[in-house]
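Got the viewer open and a hand on the selection tool? Let's walk through this one stop at a time.

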Amino acid sequence: SMKRRAVLLACTAVAVAAGAGGDAAVLAGVRPLVTVEACLSVCGCALIVACCWVLGQRTHFYWRLVMCMAVADGCHASSLMLGSWLSDWPFFCQLQATVTEMVSCVTVCYSAAISTYIFLLTVRHPSPSLAFEVVLHSCFWLGSALFAGIPLFNWFGFSYARSSISWCWIGGEPRYARDVMFYTELWLIIVAILISYGVTAVRMRRMYLELGSKADWTTARQLFLYPVVLILVWGPSSLATVVESLSPRPDVSWAEYLAAVVLPLMGFFDMIVFVFMSGMVTPSCCRVQEKRPESVTLNSDFRSSVVPAVC
């Protein structure tokens, strides 16, 4: 597709310039590229929130999770865009790095919450109370803010610093700071999400077969778009951290250039996933839940309460 070709062309251009040793030229080209990609992400996140709000999906717990994740991803893209231009100012560098760390953690938390909720839809109809939802959102945002404050106040020797490529984030010594503060938790959660969606897909297929229906593998496959986006966006920066920790030279690695190209696109990829998933995930889970044998006796109440509340 044209989108894939554009991203591939951008990555190729950056890689070629990096291979030529033109760090200054590459840095000059990275800033406008990050700006364009961040704008795409912000627009994509705004589209998700607007669609959920205008179409009335904001009344559903699942879509409120999606909306909050979109807000976090929009803030993530904005912080990277502003950081690529203003990171030379020490105060703003610290502020931007703190916001980036916080919203990155929030995004991962909401991704885990969405996968858990989708899994629960195939087991029973979860009906979170308002108090539970308030506590959940508070834990995600306040917990991430406290976690992001660790490098800000130089606790445990961790600190924020300007990266060699563009914006500010966790840097300096010790080199394993990013692994402790983000990447270890990130990949553990990605593995947990993959397992959760795998179990969900198997349960959906089994339930459809028990009901004598054809297995809905389309929805099951599209479930994995969520973790694929996380892997696609955070994979290059994770690789860059490994390369940086193993390399004795302070030079900018090709993985860092690739990470600078991909990281601002989180919200844009979320918008693509939203378009594919918005009308398929919860309705499919509801159809499975609705046709389960143990739901037959409650069928009259199910149609009026459970299905409208989720789908």
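Start by selecting Cys93 and Cys168: their link is left-handed, with -120 degrees about the S-S bond. The two are joined as a disulfide, S to S 1.9 Å (a disulfide here is a pair of cysteine sulfur atoms within 2.5 Å). The structure holds one disulfide. Colour by secondary structure and you'll see that the pair links distant parts of the chain: Cys93 is in helix α4 and Cys168 in strand β2, 75 residues apart. Helices (H or I, at least four residues) and strands (E, at least two) are DSSP runs, numbered from the N terminus. Both Cys93 and Cys168 are buried; buried means under 20% relative accessible area, exposed over 50% and partly exposed in between, using a 1.4 Å probe and protein chains only.

A word on what you're looking at: this is a predicted model, in which local features need pLDDT of at least 70 and side-chain atom pairs count only at pLDDT 80 or more, while totals for chains, interfaces and linings use all residues. Residues are numbered from 1 along each chain as its sequence is written, and side-chain values use heavy atoms, with hydrogens and water left out.

While you're on cysteines, click Cys105. Which cysteine sulfur is nearest to that of Cys105? It belongs to Cys109, 6.7 Å away, and Cys105 is in no disulfide. Cys105 counts as buried because its relative accessibility is 10%. Cys68, at 22%, counts as partly exposed.

Now hop to Cys39 in helix α2 (residues 23-54). With 37% relative accessibility, Cys39 counts as partly exposed. Draw a C-alpha to C-alpha distance from Cys39 to Pro264: they sit 225 residues apart in sequence, yet 8.7 Å apart in space.

Zoom out for a moment. The protein chain has 12 helices and two strands, and along the sequence they run α-α-α-α-α-β-β-α-α-α-α-α-α-α. Of its 311 residues, 48% count as buried. Among contacts with a separation of 6 or more, 76% come from residues 24 or more positions apart (contact means heavy atoms within 4.5 Å). Switch on the surface: the chain exposes about 14,900 Å², and carbon and sulfur atoms supply 72% of that. That area comes from the Shrake-Rupley method with a 1.4 Å probe; for residues, only the protein chains shown count as cover.

Next, go inside. The largest nonpolar core has 63 residues, of which Tyr62, Leu65, Ile114, Phe182, Tyr226, Val233 and Trp234 touch the most other members. Helix α4 (residues 90-121) gives the most to this core, with 13 residues. A nonpolar core is a set of buried Ala, Val, Leu, Ile, Met, Phe, Trp, Tyr and Cys residues joined through side-chain atoms within 4.5 Å.

Time for rings. A search of the whole structure finds 14 aromatic pairs. Rings of Phe, Tyr and Trp (its six-membered ring) pair if their centres lie within 6.5 Å; planes under 30 degrees apart count as stacked, over 60 as edge-to-face and the rest as tilted. Select Tyr62 and Tyr117: their ring centres are 6.3 Å apart with the planes at 25 degrees, so this pair is stacked. The two come from distant parts of the chain, with Tyr62 in helix α3 (residues 61-86) and Tyr117 in helix α4, 55 residues apart. Tyr62 is buried at 1% relative accessibility, and Tyr117 is buried at 5%.

For an edge-to-face pair, pick Trp169 and Tyr183, with 5.8 Å centre to centre and 85 degrees between the planes. Trp169 lies in strand β2 (residues 168-171) and Tyr183 in helix α6, so the pair ties together parts that are 14 residues apart in sequence. Both Trp169 and Tyr183 are buried.

Want to see a whole cluster? Select Phe61, Tyr62, Trp63, Tyr117 and Phe274, which ring pairs link together.

Last stretch: helix α6 (residues 177-210), where you'll find Arg178. Is Arg178 buried or exposed? Arg178 is buried, because its relative accessible area is 16%. Neighbours within four places in sequence aside, Arg178 is in contact with Ser163, Trp169, Ile170, Tyr183, Thr241 and Glu244.

Finish at Ser196, also found in helix α6. Ser196 is buried, with a relative accessible area of 15%. Leaving out neighbours within four places in sequence, its contacts are Ser115, Thr116 and Phe119.
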